[in-house]
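User: Please take a close look at the aromatic rings in this model, and then follow the picture outward to their surroundings. I work with force fields, so I would like the cut-offs spelled out.

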Amino acid sequence: MNASCASCTRSGRPGAWEGASPRSRPAPQSRSTAAGVRGGPRPRPAPPHVTRSDMVSPPPGAAAAALAAARAWLRVGPAPRPLMGSQGGLGPPGDGGPGEGEGESGETRKLQEGRAARGKRRKGKGKGKAGAGQGGRGSGAEGKPQPPQAKEAAGLGAEAGERAGLGKVREGGGSVEEGARRIFRGDEGSAGARKEAKGRDDGKKEEWRVRTGQREEARPARARGRGAQAWGRLAGTGAAMAAAAEEEAGAREPAGRPAAGPALLRLPEELLLLICSYLDMQALGRLAQVCRWLRRFTNCDLLWRRIARASLNSGFTRLGTDLMASVPVKERVKVSQNWRLGRCRQGILLKWKCSQMPWMQLEGDSLYISQANFILAYQFRPDGASLNRRPLGVFAGHDEDVCHFVLANSHIISAGGDGKIGVHKIHSTFTVKYSAHEQEVNCVDCKGGIIVSGSRDRTAKVWPLASGRLGQCLHTIQTEDRVWSIAISPLHSGQLMTHLGGDFPPGAGVLDVMYESPSTLLSCGYDTYVRYWDLRASVRKCVMEWEEPHDSTLYCLQTDGNHLLATGSSYYGVVRLWDRRQRACLHAFPLTSTPLSSPVYCLRFTTRHLYAALSYNLHGLDFQTP
């Protein structure tokens, strides 16, 4: 009889027959000692408590007792497998008796024989030969396994004999008495086949649940026929998945204050908030790594407001007004570090074929940009770093290029090279244009229902926005030179307050100007300087100025209302970032090369992105995901 019949499988499961190599197959024995016929069904290994003497020739009356013992063994499971190598080296296959093979015990011997039998079953791919009382294709160690229906139809008792572990079918023939016993046991085994299969599946599911620490229905049991190595790999994967699920569930749970810990954690939250308000950004980051409760506590906006107000472009004005209350302050501080370090990702959002002098405005998730005599509206994609190429709307009405435009009260007020002013409603097709100046209109602004325009004809004019009075000039202001830029004070006084500066050299025109508050404003122009004016201090001299390092004309500027200042130069499309607390330029981004050198005609930025309009394209700088 094959020695592997009396040894348990390596993992204690029917699927562990795949593990032995073809070299470990036991040598064939005589035909008289085989428990079945050549090509018969392959039995499973016997449980550890079944003796070899019972398996050689069981009496007819012992069939029911052996079947019950096999069922009990399936429920309880095999004995724990021994550690490999703990009992010495493995010897050659033999009868399975204890003491055979140097340096190994009987238990180790059984383990080796089980591996040999499993390898023989796995590698057996040929067709079995017909045996006594059975014909057709075999399903034993040398044949292809048949489905359970075919086994039941054959009525040879193969499944019952396999479960009870009462014999091993090998090459050769058996006695008539053995064949009769197998037929009898086949009838009995076929009747309870489904019930035993269900019990075996339940046992596998229970073992899977215990090994992985998950619920029984969390993961279906693997198919039978896996080796011990494959099962170990699956168990390890399941354990890793269970640990990941446990960690994710813990992250979803609300973090409560630790019951025990340092005295700092037992302080009232108000006092702890006051203490943490003196920490800098790095200290708060380290404190958030202590525990979940402190991580949640350090995400409070109150702790980051002081740091955000001292950061670049964090959404806070100089007076402390929060312009982006919907975005967590901590996230804005993180992005602010990219502005300070100059880390960004550059890209081109739009291109056009011929040279333009575009102007641009932002409103919500939309961008408005002028191209020739049109104004086009585009919508940003969710990332803010790209645009939907199809425009939302097109606003026309000028006969020549649009020089400047602003957004006010759901209207677009545009100034054209044809000397006209256009008024467009954003959400309708209403468009009105009227003659405003004798020459091209270079600039326009609108606040509080008042439109102010400036022209090359050396005049600035005031117009009403009311629909019934469009085109009626309210006031004309004569100037000494061409008007290149204009801005309305937040006070809406409607009167000429003062003249700024008196020592400018000839040709030092101002190309862009903007108010920060009713008493402070910024200007830039041909003289390569950015100037900061405070009307409360002096109207003859600026309080601070920044010089362009390469003596380039500054076409435009933009500020966050606090510390950050951005300018656009006339050569190579250079965008410069300035920290107003220092004189030197912080960072410079050249957006064009020598053959396509272009001024930056207009630039706008948010807390995450900067957009610059050049002669041939629209560039975007993404500071959120550099």
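Analyst: Happy to help: ring pairs come first, then charges over rings, one helix packing and a few single residues.

This is a predicted model, so local features need pLDDT of at least 70 and side-chain atom pairs count only at pLDDT 80 or more, while totals for chains, interfaces and linings use all residues. Residues are numbered from 1 along each chain as its sequence is written, and side-chain values use heavy atoms, with hydrogens and water left out.

As a setting for the rings, the chain holds 13 helices and 24 strands (DSSP runs numbered from the N terminus: H or I of at least four residues for helices, E of at least two for strands). Of its 626 residues, 46% count as buried (under 20% relative accessible area; exposed is over 50% and partly exposed is in between, with a 1.4 Å probe and protein chains only). Among contacts with a separation of 6 or more, 55% come from residues 24 or more positions apart (contact means heavy atoms within 4.5 Å).

Now the rings themselves. Rings of Phe, Tyr and Trp (its six-membered ring) pair if their centres lie within 6.5 Å; planes under 30 degrees apart count as stacked, over 60 as edge-to-face and the rest as tilted. That rule gives eight aromatic pairs. One of them joins Trp339 and Phe623: the ring centres are 3.8 Å apart and the planes meet at 15°, so this pair is stacked. Because Trp339 belongs to helix α13 (residues 329-341) and Phe623 to the segment after β24 (617-622), the pair ties together parts that are 284 residues apart in sequence. Trp339 and Phe623 are both buried. A second example is Tyr434 with Trp463, where the centres are 5.3 Å apart and the planes lie at 50°, so the pair is tilted. Here Tyr434 sits in strand β9 (residues 431-435) and Trp463 in strand β12 (residues 459-464), so the parts tied together are 29 residues apart in sequence. Tyr434 counts as buried at 9% relative accessibility, and Trp463 is buried too, with a relative accessible area of 3%. Coming back to the stacked pair, Trp339 and Phe623 form one aromatic cluster together with Phe589 and Phe605.

Two rings also have a charge over them (NZ of Lys or CZ of Arg within 6 Å of the ring centre and within 35 degrees of the ring normal). Lys425 lies over the face of Phe430, 5.5 Å from the ring centre. Over the ring of Tyr532 sits the charged end of Arg580, at 4.9 Å from the centre.

Helix α13, which carries Trp339, also packs against another helix. Helix α12 (residues 301-309) and α13 pack at an angle of about 30°, with axes 8 Å apart (axes are lines fitted to C-alpha atoms, for helices over the stretch in contact, and angles run from 0 to 180 degrees between N-to-C directions). The two helices are therefore roughly parallel (angles under 35 degrees; over 145 is roughly antiparallel, 65 to 115 roughly perpendicular and the rest oblique). Their crossing is left-handed (the near helix is turned anticlockwise from the far one by less than a right angle; clockwise would be right-handed). From α12, the contact is made by Asp301, Trp304, Arg305, Ile307 and Ala308, and from α13 by Val329, Lys330 and Val333.

Helix α12 has a further neighbour in sight. Leu273, in helix α9, is in contact with Phe297, Cys300, Leu302 and Leu303, leaving aside neighbours within four places in sequence. The C-alpha atoms of Leu273 and Leu302 are separated by 8.3 Å, although they are 29 residues apart along the chain. Leu273 is partly exposed, at a relative accessible area of 22%. In the loop between α8 (228-252) and α9 (269-276) lies Pro258, which counts as partly exposed at 26% relative accessibility.

Two backbone angles may interest you as well. Most residues other than glycine have a negative phi. Ser410, in the loop between β6 (402-408) and β7 (411-416), has a positive phi near 60° and is partly exposed at 47%. Thr528, in the loop between β15 (520-525) and β16 (529-534), has a positive phi near 65° and is buried at 9%.
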